[in-house]
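Visitor: I would like a close look at a single part of this model, with its surroundings described afterwards. Please take one pocket and work outward from there.

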Amino acid sequence: VLYLLAPIKMDPEMDSQLKIGFIGAGNMAYGIAKGILSGNVLPANVKVSAPSSRNFGRFQELGITVTHSNIEVVCGSDVLFVAVKPHLVQLVLSEISQHVTDRHIIVSVAAGVTLATLEELLPENSVAIRLMPNLPCVVQEGALLFARGSHAKQEDGALLRSLLHRCGLVEEGPEAWIDIHTGLSGSGVAFVYLFAEALAEGAVKMGMPSALAHSIASQTVLGAGRLLRDSGKHPAQLRSEVCTPGGTTIYGLHTLEQGGVRASTMSAVESATERARELGRKATAGSRK
Ligand SMILES: NC(=O)c1ccc[n+]([C@@H]2O[C@H](COP(=O)([O-])OP(=O)(O)OC[C@H]3O[C@@H](n4cnc5c(N)ncnc54)[C@H](OP(=O)(O)O)[C@@H]3O)[C@@H](O)[C@H]2O)c1
């Protein structure tokens, strides 16, 4: 509970002076970089590295410096995001490790790579944070959960929250919640897409043109999500407000319940969480080989 109640303290002065590095120039690095720049960080203070130039264009459009040298990024940054695929984390950390100092905050977004593994691959006493974002970060509506390593202080977490506040919702929790967050929100995005697709297909079945049905379905998901978040009400309460006795919605909801949508959605979060745990165990075993 303490985690969830922690206030977000913004420090614009501090953010504008921070130097931010990204190792990896993929989708996740881009989504986070975009969010960070719509806060108080200046593009001149951000650098990104990757082996090829193929992903550099969109970073350059944001005014971010690009390089092929990971070490150049480490040496020029205070907060370093490690945004490569999980199987490359070991390679990258062993390459940069001797340049990491106690002034760095290392933030890994790699799925399944635990804080214990990060701390083992980094110099002793390094400040490591494990962050799990989701894809809507690219439109600044992400849901991000982070867990602090054993040498990361509360201030380090507060600084990360301040940096990321424009990426979407940012929460802190124990590391055990990261895999649950992956099932709920990382994979949850795809569950919502499946539901949106099915809504549209229902309308097509009833005779609406496909393009119109899909645009109305996506607006319905967006509107329902915003109302749920902004009202702060429990979903059951909002649902009951839409249900006129004997009306259309309660008939439709009855059909959904008969199809077991509630139980299968809960099971989907459960199996995605279990799979994240399993992949994490494999990644940890791999890094110890
Ligand atoms: N995508 C998601 O929804 C999501 C959600 C949560 C967490 N994550 C995590 O985010 C991480 C990145 O995912 P992504 O989707 O952004 O992957 P991605 O689009 O494939 O990007 C990976 C980036 O890493 C770069 N790279 C490869 N080897 C490197 C090296 N030795 N040194 C420096 N950079 C190197 C690649 O370089 P090139 O540009 O030259 O190919 C590429 O820019 C993963 O660990 C994933 O688990 C992703």
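Guide: The model is a predicted one. In the lining of its second largest pocket, 18 residues are nonpolar, 12 are polar and two are charged. The space in this second largest pocket comes to about 890 Å³. Its lining consists of 32 residues, and those closest to the centre are Gly26, Met28, Ala83, Val84 and Lys85. Three elements each give two or more residues to this lining: α3 (27-37), α6 (89-96) and α9 (176-186).

Two annotated spans from the UniProt record come next. An unreviewed UniProt entry places the feature "domain: Pyrroline-5-carboxylate reductase catalytic N-terminal" at residues 19-112. Helix makes up 33% of residues 19-112 and strand 20%, with 27 Å between the end C-alpha atoms of the span. The feature "domain: Pyrroline-5-carboxylate reductase dimerisation" is placed by UniProt, again in an unreviewed entry, at residues 175-279. Residues 175-279 are 85% helix and 0% strand, and the C-alpha atoms at the ends of this span lie 15 Å apart.

From the pocket, the description turns to the sheet. This open sheet has eight strands, arranged in the order β3-β2-β1-β4-β5-β6-β7-β8, with mixed pairing. Its edges are β3 (65-67) and β8 (168-172); each has a single partner strand, so one side of each has no neighbour in the sheet. From one strand to the next, the twist averages 20°. One of the lining elements named above, α9, packs on the sheet. The strands that α9 touches are β6 (127-132), β7 (142-148) and β8, and the direction of α9 makes about 170° with that of β7.

Elsewhere in the sheet order, β4 is followed by β5. Strand β4 covers residues 79-82 and strand β5 covers residues 105-108; the two run parallel and are joined by four bridges. Within this pairing, Phe81 stands opposite Val107 of β5.

To return to the starting point, α9 is among the elements that give two or more residues to the lining of the second largest pocket, and α9 also packs on the sheet through contacts with β6, β7 and β8.

Key:
Residues numbered from 1 in each chain as written. Predicted model: local features only at pLDDT ≥ 70, side-chain atom pairs only at ≥ 80, totals over all residues. Heavy atoms only, no water. 1 Å grid on protein atoms, 1.4 Å probe; cavity = no way out; pocket = protein on both sides within 12 Å on 5 of 7 lines; lining within 4 Å. Points joined across faces, edges and corners; volume = space filled by probe spheres on them. Nonpolar A, V, L, I, M, F, W, Y, C, P; charged D, E, K, R; others polar. UniProt positions renumbered as here; feature names shortened; annotations may be inferred. Pairing = 2+ DSSP bridges. Axes fitted to C-alpha atoms, helices over the stretch in contact; angles between N-to-C directions. Contact = heavy atoms within 4.5 Å.
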